[in-house]
Amino acid sequence: MLTVGVDVGGTSVRAGVVDADGTVLDTARAATPGQDTALESAIVGVIAELAARHPVCAVGLALAGFVTPDRRVVRFAPHLPWRGVPVADRIAERCALPVVIEHDANAAALAERRFGAASGSGARARSILFIALGTGIGAALLIDGRLYRGAHGVAPELGHLRVVPDGRPCPCGKRGCWERYCSGTALVTTLVELLAADPSASPTLARMAKLEARGITGRQVATAARDGDPLGRRAMAELARWLGEGLALVADVYDPELVVIGGGVSGSATLFLDDAREHYARVVTGGQHRPLARIRTAQLGEEGGVIGAAELAREARSRR
Ligand SMILES: [Zn+2]
C-alpha cells in the first residue's frame, strides 16, 4: 500500500510516495504560494503528479502550525496563510483521496520511531523527545509510544519555553525563549554578538558578515566552526550549552528515555552534541543518581516529515 506524504514548508511544498517500509519511492515539489487557495492548488498539484505515476491510496500533510485535535483543521501556522481552515477536507475533496494533517515535528518524530534513530532492533524506545533545530525549534513528544498533543492539539511548544529571563526578544512576543539561544537563527545571533564585542577575533566571519547583503547564515557559522574559526566554535559552544540546559528542563518534566535531535542544525552535531550531553548531565535534577536519557541525532534528515505524514495516512487508512 503506497501513500503520499507532503511537507508543507514556508518556502516549498515537498511530496513523496512512501511504501510500508518508510522508503521514499518518488518525489515532487512546488514553491509555497502566499495565498490560501493557491497553496491548496500547489499541494493538489504535487499529489496529482505523484498519483499519476503510482497507485497511491491516502495522503498525509505535515506542517508547522496548530492543528485541531481531530486533525482536520489548521488553526494557525506562522509561515502559511491558513487561519482556521478545514485543510484536510478541502484537499481531500480536490484530490479524491483521504487526507490527514499533522504537525511537522510530530510527523518527523513518528518517522524516526518507526524507521529511524528511535526504531532500534526489538528495543524501541517508548518515551521519546524529538527536537528539530532549524530556524527555530520544532518539538514532539512520544509518551508510551504515542504522540502527546495536549488537550487542544498544540503541545509541545518547547521552543518558546523561557530559558533566559529578560533575554533575547522573540517574534512570539516574549523574551528569552529557548529557540532564541538554540537554533540556526541563534547561532547567527550569538555570532553577531561575539563579533560586536571583538571584530578582530574572527576577521573571516567579520568580513563575511559585512559582505553578505542578507547577513550571515547558521550554516556558514557551522562551516566556520568546523574549519576551526574561534568565534564559530564559541557560537557552537553556546548552542551546546543551551541545548543541554533546555533538554534538562524538559527532562525534569517528562523523563524521556531517548532524545532525538533533528533539523538542519543536526547536520553539525559532531560540533556540539558531546558538549550538550555534558551540560545536560550537569543540569538535569539529580543527574548523578538517575539513568540519563540517550541523546542522538535523527537518521531520516529532511525527509522525516514526508515519511511520517505518509505513515500517518497509512495508519488512518487501515483504521477505516
Ligand atoms: Zn518565543
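Donors are N, O and S atoms within 2.8 Å of the metal (3.2 Å for Na, K and Ca), and water is not among the atoms, so sites may look incomplete. This is a predicted model, in which local features need pLDDT of at least 70 and side-chain atom pairs count only at pLDDT 80 or more, while totals for chains, interfaces and linings use all residues. Residues are numbered from 1 along each chain as its sequence is written, and side-chain values use heavy atoms, with hydrogens and water left out.

**Zinc site.** H160 (ND1), C170 (SG), C172 (SG) and C177 (SG) coordinate the zinc ion at 2.0 to 2.3 Å. Along the chain these donors have the spacing H-x9-C-x1-C-x4-C. The angles among the four donor atoms run from 105 to 117 degrees, and the site is tetrahedral (four donors with all angles between 85 and 135 degrees). Ideal angles for four tetrahedral donors are 109.5 degrees. C170 and C177 are buried (under 20% relative accessible area, 1.4 Å probe, protein chains only).

**Aromatic contact.** Y181 and W242 form a tilted aromatic pair, with 5.2 Å centre to centre and 50 degrees between the planes. Rings of Phe, Tyr and Trp (its six-membered ring) pair if their centres lie within 6.5 Å; planes under 30 degrees apart count as stacked, over 60 as edge-to-face and the rest as tilted. The pair links distant parts of the chain, 61 residues apart: Y181 is in the loop between β11 (146-147) and α4 (184-197), and W242 is in helix α7 (residues 230-254). Helices (H or I, at least four residues) and strands (E, at least two) are DSSP runs, numbered from the N terminus. Y181 counts as buried at 9% relative accessibility, and W242 counts as buried at 9%. R241 lies over the face of W242, 4.2 Å from the ring centre (CZ of Arg within 6 Å of the centre and within 35 degrees of the ring normal).

**Helix α6.** In α6 (residues 218-226), the buried residues include G218, V221, A222, A224 and A225. They are on the same side of α6, because they cover an arc of only 160 degrees around the axis (taken from the directions from the helix axis to the C-beta atoms).

**Backbone.** The table lists residues with positive phi.

| Residue | Phi | Place |
|---|---|---|
| R71 | about 65 degrees | loop between β5 (66-67) and β6 (74-76) |
| D144 | near 50 degrees | loop between β10 (137-143) and β11 |
| G228 | about 90 degrees | just after α6 |

R71 counts as buried at 10% relative accessibility. A155 and P156 are joined by a cis peptide bond with omega of about -5 degrees, and P156 is in the loop between β11 and α4.

How values were computed: Buried < 20%, exposed > 50% of the residue type's maximum accessible area, 1.4 Å probe, protein only. Tetrahedral: all angles 85-135°; square planar, octahedral: opposite > 155°, others 65-115°.
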